[in-house]
Amino acid sequence: MLSQTSTVTYHPKHRTWWHQQDCVICGSTAIGVNFGARTCAPCKAFFRRNARRKEILQTLCPFQESSTSNLNANDNHETNIYCSQIRYCSSCRLRRCFNMGMKEELVRTDKENERYRQLVETNRQRRNQLLQQDQFTIPRQILSKRVLLHETDWNDISNIVIAYETYCLKNYIQQRANTYHNQSQIFDDDDDTAKINHHASTTINKMTSFLLFLSTIPTVKLLPKSDRIFLCKHNIRPLILLNSHELDQLCYSEPWQLMYDNLSAKYVCGNDLFSELVKTKHRAEQILITDPVVTRLWLLILFFSTPLHCYYNNSLPEISLKQRIALVEIQHSYINLLWNYLSHRHGDIEVIRIFSNLTSVYLSMQRISQAINTIIRTRDDLSTLNESFDRAVVIDSDDK
């Protein structure tokens, strides 16, 4: 439990939810990651009930020594000072929930709860109707009771979304700032070496940030080292464009930064391929759903492909058929999770449209990615770029 003092200032280490066994809200034994933070069952239930009741944050804490200091604290939702009886003060408890990263958007609304109950009942009726039909055999997997999201599914989704923000996005933003800080504001159109170097630094940043995210995913961490190396060597480079799309949705770029990026990419790709790349990016912005759950699950689904680019390269590692089948099973689990999430959020008809858009956009990205990687592998002036990319596509723990 929390220290019995009038105020408690929490160490920043408590924000690393994936390493803690205690509830980061009240200090009790945690049951898992709920709505974005590791919590016990009571704090999970408290946040589910009160996440949208912002008026609680303005309520005076009855345990603070000074009501004036308490009012000032409540006016600042980012404060890390809470009363000692946090389980008995709704204001301090809810404020701490938000400060520790719990997400209001992960709590189902009353309308969503009602729709969930309706979906459960509808699926139960459909299942019973199918079981009563004797004229054809119904595959068992179609009648599985696990057709909707369960609590463990929400925990998995929450972990994936936050891991991407904490590792991939945070590292990408920091390294991107360092890249532009170290470069001159004057970009020489005739300096081909500068263009290659800039393209190398920005692309490797996207690759290493994505690998940092992958290294925190349990299904990736538990893979045999040979499987991880196989997937990274084959699939990281093909996923650069899709990961770039997700990062672009989250990060603002100054016009001069975009100019650097475009001049460098245009030199590497060539005019025609760069034009197709721009069109594909615009199409992705227009038709892909702006939902971080969808794009990040889609990245994991594609990462577990065996492999993405269909070309023969005897320098890349190989694995056995048994290992491939095991990877496909993991991929299917993420596909089911994404499908059930989309069904829950958008309904049966809309989920088909969203999945079709995801597939369509990525097929275009894959074709362009294949062409870009072919250019990088075959052009003499890009040989160092190719070598840098090959070195970057391994998780740090596997590169020892």
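**Figure 1. A salt bridge joins Glu-276 and Arg-367.** In this predicted model, the two side chains meet with N and O 2.9 Å apart. The pair links distant parts of the chain. Glu-276 belongs to helix 11 and Arg-367 to helix 14, with their positions 91 residues apart in sequence. Glu-276 is partly exposed, at 30% relative accessible area. Arg-367 is also partly exposed, at 49%. Side chains of opposite charge can pair when their charged atoms come close.

**Figure 2. Arg-237 and Asp-390 form a salt bridge.** The closest N and O atoms are 2.8 Å apart. Arg-237 sits in the loop between helix 8 (225–235) and helix 9, while Asp-390 sits in helix 15 (residues 383–392), so this pair ties together parts that are 153 residues apart in sequence. How accessible is Arg-237: buried or exposed? Arg-237 is buried, with a relative accessible area of 3%. Asp-390 counts as partly exposed, at 31%.

**Figure 3. Arg-353 and Glu-350 pair within helix 14.** Their side chains meet in a salt bridge, with 2.3 Å from N to O. The two residues are three apart in the helix, so about one helical turn separates them. An α-helix has 3.6 residues a turn, so residues three or four places apart point the same way. Arg-353 is partly exposed, with a relative accessible area of 41%. Glu-350 is partly exposed too, at 26%. Elsewhere, salt bridges that share partners join Arg-52, Lys-54 and Glu-104 into one network. A search of the whole structure finds 13 salt bridges.

**Figure 4. Helix 9 is mostly covered.** How many of its eleven residues are buried? The count is eight. Ile-240, Leu-241, Leu-242 and Asn-243 are among them. Ser-244, His-245, Glu-246 and Leu-247 are buried as well. Which helices do the buried residues of helix 9 pack against? They pack against helix 5, helix 6, helix 11, helix 12 (292–303) and helix 14.

**Figure 5. Six helices each supply at least two residues to the lining of the second largest pocket.** They are helix 5 (151–181), helix 6 (192–214), helix 9 (240–250), helix 10 (255–269), helix 11 (271–287) and helix 14 (348–378). The pocket has a volume of about 800 Å³. Its lining counts 36 residues. Which of these lie nearest the centre? They are Lys-206, Ser-244, Asp-248, Leu-277 and Lys-281. One of these, Ser-244, is among the buried residues of helix 9. By class, the lining has 16 nonpolar, 13 polar and seven charged residues.

**Figure 6. Thr-179 is buried in helix 5.** The relative accessible area of Thr-179 is 14%. That value counts as buried because the cut-off is under 20%. Which residues does Thr-179 touch, leaving out those up to four places away in sequence? Thr-179 touches His-198 and Ser-201.

**Figure 7. The largest cavity has a volume of about 60 Å³.** The structure holds two cavities of 30 Å³ or more. Asn-34, Phe-35, Leu-106, Glu-151, Trp-154, Asn-155 and Ser-158 line the largest cavity. Which helix gives the most to this lining? Helix 5 does, with four residues. Sorted by class, the lining has three nonpolar, three polar and one charged residues.

**Figure 8. The whole chain sets the close-ups in context.** The protein chain has 15 helices and four strands. Of its 400 residues, 46% are buried. The chain exposes about 20,900 Å². Carbon and sulfur atoms supply 52% of that area. What share of the contacts with a separation of 6 or more comes from residues 24 or more positions apart? Such residues account for 74%.

Definitions and conventions
Residues are numbered from 1 along each chain as its sequence is written. This is a predicted model: local features need pLDDT of at least 70, side-chain atom pairs count only at pLDDT 80 or more; totals for chains, interfaces and linings use all residues. Side-chain values use heavy atoms; hydrogens and water are left out. On a 1 Å grid over the protein atoms alone, a cavity is a set of points where a 1.4 Å probe fits but cannot get out, and a pocket is an open set with protein on both sides within 12 Å along at least five of seven lines; lining residues have an atom within 4 Å of a point. Grid points are joined across faces, edges and corners, and a volume is the space filled by probe spheres set on the points. Ala, Val, Leu, Ile, Met, Phe, Trp, Tyr, Cys and Pro count as nonpolar, Asp, Glu, Lys and Arg as charged, and the others, Gly among them, as polar. Buried means under 20% relative accessible area, exposed over 50%, partly exposed in between (1.4 Å probe, protein chains only). Contact means heavy atoms within 4.5 Å. A salt bridge is a side-chain nitrogen of Lys or Arg within 4 Å of a carboxyl oxygen of Asp or Glu. Accessible areas come from the Shrake-Rupley method with a 1.4 Å probe; for residues, only the protein chains shown count as cover.
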